[in-house]
Amino acid sequence: MLGLLLALPILLVVTAAASAVVAKSDRIARIVGTAGCLVTCGVGVPTSLVAVLRASRDEIRYGWTLPVGELHFGIDPLSAFFLLCIFLVSGIAAVYGAGYLLAYAGRRRLAPALVFFPLLVAAMATVVLARDAIVLIIAWEIMSVASFFLVIFEHDRPEVRRAGVLYLIASQAGVVCLFVLFALLGRAAGSFDFDRLSGAALTPGLANAAFLLAVAGFGTKAGFWPLHVWLPDAHPAAPTHVSALMSGVMIKMGIYGLLRILLLLGPPPSWWGVVMIGVGGVSGIAGVLLALAQHDLKRLLAYHSVENIGIIALGIGIGLLGVSQRQPFVGFLGFAGAMLHVLNHGLFKGLLFQAAGSIQKATGTRDIESLGGLLRTMPVTGALFLVGSIAICGLPPLNGFVSEWLVFIGAFLGGAAFAPGWTVYAILVVVALALIGGLAAACFVKAFGIVFLGEPRSDRALQAHESGAAMRGAMLVSALLCAAIGVWPAGALRLVAREAAELARIPAGAGPSLPMLSAIPRAALVLAALATLLTLVRALLLRRRAVLRAPTWGCGYAAPTARMQYTAGSFARPLLEPFALIAGARLEARGPDGPFPTSARYARHFGDMAGERVFAPAYRRVLHLFSRVRGLQHGRMQLYLAYILITLIALLVWQLSGLGGR
Amino acid sequence: MSGISELLLLLVVVLDLAILTSTRLTTCIRTSALQGVLLASLPATLLFEAAGRAPLHVVALGVFLLLLKAFAIPTLLFRAVRAADVQHEVEPFVSLHVSVLIGTGLIAISFWLATVLVLPRLAPSAMVVPAGLSTLLLGFLILVSRRQAVTQVIGYLMLENGVFIFGQLLVREIPLAAELAILLDLLVGVFVMGIAIYHISREFDHIDTERLTTLRG
Amino acid sequence: MSAAGTLALQLAMLLALPPLLPGVIGRVKAWFAGRRGRPLLQTYHDLFKLLGKGAVYSRTTTWLFRAGPVVSLACLILAGLIVPLSGPRAPFGFTGDVVLFAALFALARFFTLAGALDTGSSFEGMGASRDAAFSALAEPTLFLVLAIMCLPGGAPSFAGAWTALSPVASGVGRAPWFAAAAALFVVYLAENSRIPVDDPETHLELTMIHEVMVLDHGGPDLAFILYGSALKLFVLGAVLVHLVLPFPASGSWTFAATLVAGELALGVVVGTVESIMARQRLQQVPQLLIGAFAIAAVGLASVTFQGVR
Amino acid sequence: MIPFVLVVGPALAGVVSLLTRDPRRALALLLAVSALHLGLAASLWVAPPVKSGILGIDPLGLLFVTTTSVIFLAAATYSVPYLLRGTHDASIPPRRFVAHLLWFLAAMSLVMLTQHLALMWAAVEATTLTTAPLIYYYRRPQALEATWKYLLICSVGIALALLGVFFLGIASSAAPGGARALTVSGLSAVAAAMPRPWLQAAFVLALVGYGTKMGLVPLHTWLPDAHSQAPSPVSALLSGALLNCAFVAIARIYQVCLASGDAAFARGLLVALGFTSIAVAVAFLIRQGDYKRLLAYSSVENMGVACLGLGLGGAATYGALLQAVNHSMCKAGLFLLAGNVLREYGTTSTEAVRGVWRRLPLSGALITALLLAIGGSPPFGPFWSKFIIFRAALDGPDAWLGVGFAVLTGLAFLGMASTLLPMLQGGEPRPGRAEGVLTVVAPLALAGAALGLGVALPPALADMLRRAAATIGGAP
C-alpha cells in the first residue's frame with residue numbers, strides 16, 4: 001500500500017513534466033495536466049481511505065549518496081488521513097480548474113498553472129509521507145516554491161507580484177524556523193530520522209524550544225495570527241482552484257507538521273495547550289473580524305481560513321491540555337475535532353472559493369458591493385454557496401457543526417474535569433468558539449445576502465450567468481461531502497479516531513467511542529421532517545388563497561433603486577465598531593465646511609493591524625539599515641585600500657597581541 | 001659585521017619618507033628608482049656578509065633587479081606621466097605634514113611588530129623586519145592618501161619592495177624560477193597599470209583617481 | 001413517564017403554551033400603563049387569522065425568502081424538543097445537546113436574516129445588520145451560561161445539568177446559577193428583541209430590529225414567524241427558569257407544572273422590565289451585552305473556585 | 001606530464017591565437033583547447049594522480065582544476081556567439097580576447113596544480129594581470145574605472161599574500177635543519193616547529209591577501225565593479241573560476257596551519273571573515289539596482305559561505321568544497337544568462353528590465369531555476385552544501401552562528417528573488433528575438449549540473465570531495 005502511495009507523487013511529477021513538454025498547446029496541456037491529477041487522486045483517495053480505516057502502518061527506506069540520513073518514508077493513520085484530505089481536495093480542485101482555466105485561454109499561457117499544480121500536490125503528499133526531517137524539509141520547500149509560482153500565475157498584475165513577494169518572505173521566514181527546529185532535534189538525537197527523533201530524550205528546555213519553533217515555523221504556513229499576513233494577499237492572487245487548494249489543504253500542512261512534531265516530542269506540559277488556545281483564540285477572532293471588514297470576496301474567504309485555522313488550533317489546545325491533565329478522552333475529543341475540522345474546512349472552503357471563482361468568472365468582479373441578486377442568475381452556484389456558508393458557520397446539519405461540536409464537548413468536559421487552575425482555559429475555548437461562531441454567521445449572512453440576494457448593484461451583476469459543468473460538478477461534490485459528514489458524523493469520526501487516540505496518548509485498541517454521535521443524524525432527520533411538514537402546511541393553507549407578487553415595501557418611498565440597498569460595509573459596521581482596536585479601524589471624515597459646503601465625506605476603513613502596525617514598520621526599518629550598510633561601497637578606491645589596511649592591522653593585533661607576552 | 005646591509009636598509013626607510021614627502025611626481029619616480037638600486041644590491045650584500053661570498057645566480061638576480069627596478073619600471077612610469085602630462089600630486093587627502101607624522105607612527109609600529117616577530121633564525125641583519133614592514137606600511141599609506149594614479153603605482157611599488165625585503169631572508173628557499181615569475185609579475189603589473197593610466201588620462205583627461213567614483217552600491 | 005409520553009406531552013406544551021407569553025407580557029405592561037390591554041389569548045387569535053390569509057411576495061425575493069420562516073420555525077421546534085420541559089430527560093436530549101440547542105437558534109437566525117436581505121429593502125437590511133451584531137455579541141454569554149450550568153453535571157447536556165441542579169443532587173450553593181440566570185436574562189431580552197434592546201411595539205422602521213426584518217412577510221409566513229418568536233420566548237425561558245427554580249429530579253407532572261409556573265412568572269418579569277425601563281440607544285446595546293458577559297464571568301469564577309467535581 | 005600540458009598548453013595556444021586574423025579560427029582554437037583541457041583534466045580522474053615536485057596533483061587541485069575547465073568550456077561556448085554577433089567594440093580584434101582567455105586558463109590551472117606556494121602566488125597574480133584587459137574589453141569609462149580598481153586593489157592584496165608566504169618560509173627556518181622549500185608538503189612537515197607569531201602573522205597576511213581576491217568583506221570592494229563591467233563570459237569566469245583560485249590558495253595555506261597542530265586561530269579568522277561576508281553581502285543584495293552587481297554580491301555571499309565552512313571544519317569542510325563547486329556552476333550560468341538579458345534589453349539596470357519570462361522564455365526559465373538553486377532551495381546542489389554547513393555551525397560550540405547563518409542565507413535568497421523576480425515577471429506579451437542555441441546551451445548544461453549535484457551526487461565526485469576535504473581538515 002505504501003508503495004502505491006509513494007508511486008502517486010512520482011506520477012504527479014511525471015504529469016507536471018508531461019504538461020511542461022506539451023506546454024506549447026494550452027488545450028493539450030490542460031487535458032494532460034487535469035487527467036494526470038484526476039487519475040492520481042482517483043487512485044489516491046480510495047487508497048488513503050483504506051489506509052486510514054485499516055490504520056495500516058508501514059515504512060520504506062532507500063539509500064542516498066549525500067552524507068545526510070536516508071530516504072525514509074512511512075504511513076500511519078495521521079499521514080493517511082492528511083493524504084486523504086490532499087487527494088480529495090486536489091482532485092476536486094483539478095476538475096474545477098479544468099473548467100476555470102478556460103477563462104484565461106488565449107490571454108496567457110496556461111502551462112505554469114498546469115505544471116506547478118501537480119507538483120504542489122506531489123510535494124504535499126511527500127511532506128505527509130516523509131519520515132526523515134531532511135526529506136520533509138525538501139518536500140516542504142518544493143511545496144512552497146510550487147505554490148509560489150501558482151500564486152504569481154497572473155504575474156502581470158502588480159498586486160499579484162506584491163502578494164508573491166510577501167508570500168516568498170513568509171515561507172522563507174517559516175522554513176528558517178523549521179531548519180533550526182530540526183537541526184536542534186537532530187543535534188539531540190544524532191539523526192534526522194523520525195524514529196530516532198521520537199526516541200530521543202529531550203531536555204525540557206529543548207522540548208519547549210522545539211515546540212515554540214514548530215508553532216512559529218509551521219504556524220507561518222498554517223496562518224496563525226499574526227503570522228498570517230501573507231495569506232489574505234496570496235490566496236486571492238492565485239487562480240481560484242489554486243486558492244481552493246492552498247486554503248483547503250496546503251495551509252493544513254502546517255497543522256500536520258505541528259501534530260507530527262507533537263507526536264515526536266513526547267508528553268506535553270500543560271502550558272503548551274494554553275499557548276495553542278491563545279493562538280487559536282486570537283487567530284479565530286481576529287480572522288473572522290478582518291473577514292467581516294473585507295469587500296473582496298476571495299479576500300474575505302482567505303481571512304476565514306485564518307479563523308478556521310484558529311478553530312483547529314483551539315482543538316489542538318484542548319487536546320494538549322487533555323493529555324497533560326490526564327484526561328485522555330478530553331484530549332481525544334480535542335484532537336479529533338481539530339483533525340476533522342481540517343478535512344471539513346478543506347471541503348467547504350474549497351467549495352466557497354470555487355463559488356467565488358465562478359462569480360468572478362461570471363461577473364468579472366470580486367467586489368461584494370457591486371454584486372447582488374445572483375441567486376436568480378446563478379441558482380446552482382448560489383445554492384451551493386449557501387451550503388458552504390452554513391457549513392463554515394458550524395451550523396447543523398452540515399460538517400462544520402460536527403467538528404466544532406467535538407471541540408465544544410471536549411472543552412465542556414475539560415472544564416469540568418481539569419484541575420481547578422486549568423478549567424478556565426477550557427471554558428475560554430467554549431467562549432472563543434461561541435464568539436467566532438456568532439461573528440462567522442454574521443459574516444456569511446453578509447457575504448451570501450449581499451452577493452446573492454436583493455437586486456443586482458451593477459450591470460456586471462445583472463449580466464451574470466451560471467458557470468460550466470466541470471465547475472458546477474466540482475462544487476456539487478464538495479457540497480455533497482459536506483452534507484454527508486454532517487449527517488453521518490459517526491462515520492466521519494472513524495477517519496480521525498485512530499490518530500486522535502494516538503495523539504491523546506490512548507493505548508492502541510482502547511479507542512473511545514462516542515455513542516451520542518448517533519443523536520446528530522436523528523436531529524438532522526427531525527429537522528428535515530419538520531421543515532417539509534411546515535412547507536406542506538403552508539402549501540395547503542395557500543392552496544386556494546391569493547398569492548401575489550408586488551414590489552418590496554419601500555416604507556412609503558415611491559422609487560427605490562438598487563443602489564439604496566444596504567451595503568456590505570454598513571452591514572458589518574455595527575459588529576466591527578466594538579472591536580475597532582483589533583480590526584485596526586481608521587476614520588476618514590471631512591465634514592461640510594464653510595457657509596456653502598460643497599462636499600463632505602465620511603469613510604470608515606478597517607485594516608490588518610498585524611500587517612500595518614507590526615510587520616510593515618519592521619520591514620521598513622530593516623531596509624533602512626541595509627541602505628546604511630550600502631554606504632560602504634562609495635567608489636573611493638583610496639578608502640577601499642584603507643579597508644584592507646585596517647583589516648590587516650586589526651587581524652594582526654587580534655592574533656598577535658595575545659602572544660606579545662610570550 | 002653587517003654594517004652595509006644595515007645602512008642599505010636604513011636608507012631604504014629614509015627614501016620611503018622622502019617619497020612620502022615629495023609632491024613632484026618625477027621626484028617620486030626618481031626616488032623610488034633609487035630605492036630600487038639599493039634593493040637590487042641587497043641580496044648580494046646580505047649573502048656576502050653572511051657567507052663571505054655571493055653565489056653567481058644571486059648576483060645575476062641582482063643585475064636583473066637593477067634593470068627592472070631602476071630602469072624598466074621608472075621608464076614606464078615616466079611614460080605614463082608624460083602621457084598624462086601632470087607634474088604635481090594634487091592636494092592629497094591628508095596634508096604632507098600629517099602624512100609624515102602618520103608615517104613616523106607607522107615606522108614605530110613596525111619596530112614594535114619586529115619585537116613581537118622575533119626572527120627564528122639569526123637574521124643577516126636586525127633591520128630586515130622593521131625596514132620591510134615600514135616600507136610596506138608607508139607604501140600603503142601613500143596608496144591610501146594620494147590621488148594621482150601614478151603616485152599610487154609608486155605606493156604599490158614601495159609595498160612590493162617591503163615584501164621583497166622579507167624575501168631576502170629566503171633567497172635560498174625560493175627557486176630562481178619562482179623568483180623570476182614573481183618579478184615578471186611585478187613588471188607586467190606595472191606595465192598594465194601604465195597602460196591603464198594612459199587610458200584613464202585619455203578617457204578623462206586627468207589621472208585623479210579620486211574622481212573615479214561612478215561605480216557605487 | 002414513557003419516552004413516547006414525554007414526547008407527546010412536550011410537543012403539546014410547545015404547541016399550546018408559547019403564544020400565552022406575549023399575552024402575559026402585554027397584560028402586565030397594560031396594567032402598569034393603567035390600560036385594560038389586549039386579551040390574554042390575543043396571539044392565538046392573530047395566529048389563527050394569519051394562517052387563514054393569502055400571501056404577497058416581493059418581486060425581488062427568491063425561494064430563500066419563503067424558506068426562511070419555515071426553516072427558522074423548524075429549528076425552534078427542534079430546540080424545544082431538546083430542552084427538558086416535562087422531565088430532566090428531554091425527548092431528543094443527548095450528551096452535547098446544549099451545543100446543538102444553541103446552534104439551532106443560530107441556524108434559525110441565519111435564515112431569518114437571509115430572508116430579510118432577500119427583499120433588497122434597505123430597512124430590512126438595517127434590521128438584519130443590527131440583529132446579527134447583537135446576537136453575535138450575545139453568543140459568548142449564552143455559551144458561558146450553558147457552560148456554568150453544565151459544570152456540576154460534568155456532562156454538556158441538559159439532562160446532566162438538571163439532575164445535578166435538582167436540590168436533591170446539587171451539593172453546591174446556587175449562587176453561580178443565579179449569576180448565570182441574571183446574565184441569561186439579558187441575553188433573553190436581546191434574543192427576543194425586547195426592551196431595552198428593541199421595542200416590539202415601535203412603529204418607526206428606523207428604530208426597529210426584529211419587526212423591520214419581517215416587514216415583507218405576510219399570511220402563513222408571518223404566522224410562522226409570530227409563533228416562532230413566541231416559541232423562542234418559551235424555550236429559552238425554560239432554560240432560564242431551570243436555572244432559578246428547584247426542579248424535581250425525575251420527570252413528572254409537577255416538573256411540567258413548575259416549568260409553566262416559572263415561564264408565566266418570567267413573562268410577568270419581562271413585562272415589568274418593559275414597563276419600567278426605556279429602550280437603550282443602539283450604540284449602548286453592546287455595553288449591555290458585555291455587562292451580561294461580565295456577570296456570567298463572575299458566575300464562572302465562583303463555580304471554579306468552589307472546585308466543582 | 002599531463003599537469004604540465006594543462007598549464008603550458010593554453011599559454012602556448014594563447015600565443016598562437018594572436019597569429020590568426022580570423023576571429024572564427026581563434027574561436028575554433030579556443031573551443032578546441034578548452035575541450036581538450038577538460039578532457040585531460042577528466043583523464044586525471046581515472047589515472048591515479050602523480051605528485052611531482054613543483055607541479056603536483058592532490059584531490060583538492062584536481063577537484064578545482066576540473067571545475068575550472070568545465071566553467072571555462074561553458075564560457076568558451078558562450079563567447080562564440082558573443083564575439084561573432086559583434087556586440088563588442090570592433091576596435092579590438094576578438095583574437096586578443098581569446099588570447100587573454102587562454103592565458104587566464106593557464107594561470108588558473110597553474111594555481112590549482114602547483115604545490116609551491118611562491119609559484120602559486122605568481123600564478124594568482126598572473127590571473128589578475130590576464131583578466132584586467134578582459135574587464136576593459138568594452139572601452140567604457142566605467143569599465144576603465146573598474147579595471148583600475150581591480151588592478152590596484154588585487155595587486156596590493158596579493159602583495160600581502162606574498163609576504164604571508166615569505167613569513168611561512170621564515171617560520172619554517174626555525175625547524176632543525178633550517179628553512180624548507182616553500183611547497184605545501186615541505187612546510188607541513190615542519191609546521192609543528194614553526195613559531196606561533198610568524199605562523200599566525202603569515203596566515204593573517206595570506207588570508208587578507210587572497211581574501212581580497214576571493215572577495216571576502218571588507219576586502220571585496222573591487223568585485224562588484226569588475227564583475228558588473230566585464231563582458232558576460234568573463235564575468236562568468238571571474239565568479240565561477242577565479243574566486244575558486246583564491247579559495248584554493250587560502251586552503252593551501254590553511255593546510256600548513258593544520259599541520260602545525262592547532263589551527264584554532266585560523267578557524268576563528270576564517271569563520272569571522274566568512275560570516276561578515278555573508279552578513280554584509282545580504283545588505284547589498286536587497287534593492288540592488290544593477291543585476292550584474294547583484295550576481296556579484298551573491299558571489300561574495302557564497303564565497304563567504306565557503307569560507308565559513310572551511311573555518312568550521314569537520315563535516316563543514318566537505319560542505320565548503322561542495323559549496324564552491326555548486327556556486328561555480330550556478331553563478332557562471334547566471335552570468336551567462338545575464339549576458340542574454342543584457343543583449344535583449346541593452347541595460348543592466350534592474351528597473352529597466354521587465355517581462356523576461358515572456359521575451360526570453362528559455363533564459364527566463366533558466367534564470368528562475370538558477371535563482372532557486374543559488375538561493376539554496378532544494379533539490380538543487382547549493383541546498384545541500386548550505387545545509388551541511390548550517391548543521392555543522394549549529395552543532396558547533398556556538399549555535400547562534402548556525403541560527404544567524406540560516407537567517408542570513410534566507411535573507412540573501414529573498415534579496416535576490418525580490419530583485420530578479422520583477423525583471424522576470426510582467427512585461428508585454430510580445431516575444432523578443434529568438435534565443436540562439438549557443439546562448440542557452442551552456443547555461444542549460446550548468447543548470448543541469450546544479451540540479452544533478454543536488455539530486456544525485458556522482459559517487460566519484462562525492463569520493464573526491466571527501467578526499468579533498470580530508471586534506472584540509474575535513475572529518476571523514
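A residue is taken as buried if 20 or more other C-beta atoms lie within 10 Å of its own. In the predicted model examined here, Phe224(C) meets this criterion, because 26 other C-beta atoms are found within 10 Å. Phe224(C) is part of helix α10 of chain C, which covers residues 219-244. When neighbours within four places in sequence are left aside, the contacts of Phe224(C) are Leu534(A), Pro69(C), Val70(C) and Leu73(C). One of these partners, Val70(C), is 154 residues away from Phe224(C) along the chain, yet the two C-alpha atoms are separated by 7.0 Å.

A helix pair was also examined in chain C. Helix α2 (residues 20-33) and helix α11 (residues 253-276) of chain C have axes that come within 8 Å and cross at roughly 40°. Angles under 35 degrees count as roughly parallel and those from 65 to 115 as roughly perpendicular; α2(C) and α11(C) are therefore oblique to each other. The handedness of the crossing of α2(C) and α11(C) is right-handed. On the α2(C) side, the contact is made by Leu21(C), Val24(C), Ile25(C), Val28(C), Lys29(C), Phe32(C) and Ala33(C). The residues they meet in α11(C) include Glu263(C), Leu264(C), Gly267(C), Val268(C) and Val270(C). Sorted by class, the contact of α2(C) with α11(C) contains 9 nonpolar, 4 polar and 3 charged residues.

Chain D contains 19 helices and 0 strands. The C-alpha trace of chain D spans about 75 × 55 × 40 Å along its principal axes. For 476 residues, a radius of gyration near 23 Å would be expected of a compact globule, and the 21 Å of chain D agrees with this. Of the 476 residues in chain D, 69% count as buried. Among the contacts in chain D between residues at least 6 apart in sequence, 81% join residues at least 24 apart.

Chain D also touches chain B, with 39 residues of chain D in contact with 34 residues of chain B. On the chain D side, at least two residues are supplied by each of α5 (117-135), α6 (141-172) and α8 (196-214). The largest share of that side, 18 residues, comes from α6(D). By class, the side of chain D that touches chain B comprises 27 nonpolar, 8 polar and 4 charged residues.

Note on methods. Residues numbered from 1 in each chain as written. Chains lettered and ligands numbered in written order. Predicted model: local features only at pLDDT ≥ 70, side-chain atom pairs only at ≥ 80, totals over all residues. Contact = placed C-beta atoms within 7 Å. Helix = DSSP H or I, 4+ residues; strand = E, 2+ residues; numbered from the N terminus. Nonpolar A, V, L, I, M, F, W, Y, C, P; charged D, E, K, R; others polar. Axes fitted to C-alpha atoms, helices over the stretch in contact; angles between N-to-C directions. Parallel < 35°, antiparallel > 145°, perpendicular 65-115°, else oblique. Left-handed = near helix turned anticlockwise from the far one by under 90°. Rg over C-alpha atoms; globule rule 2.2 N^0.38 Å. Buried ≥ 20, exposed ≤ 12 C-beta atoms within 10 Å, placed from the backbone.
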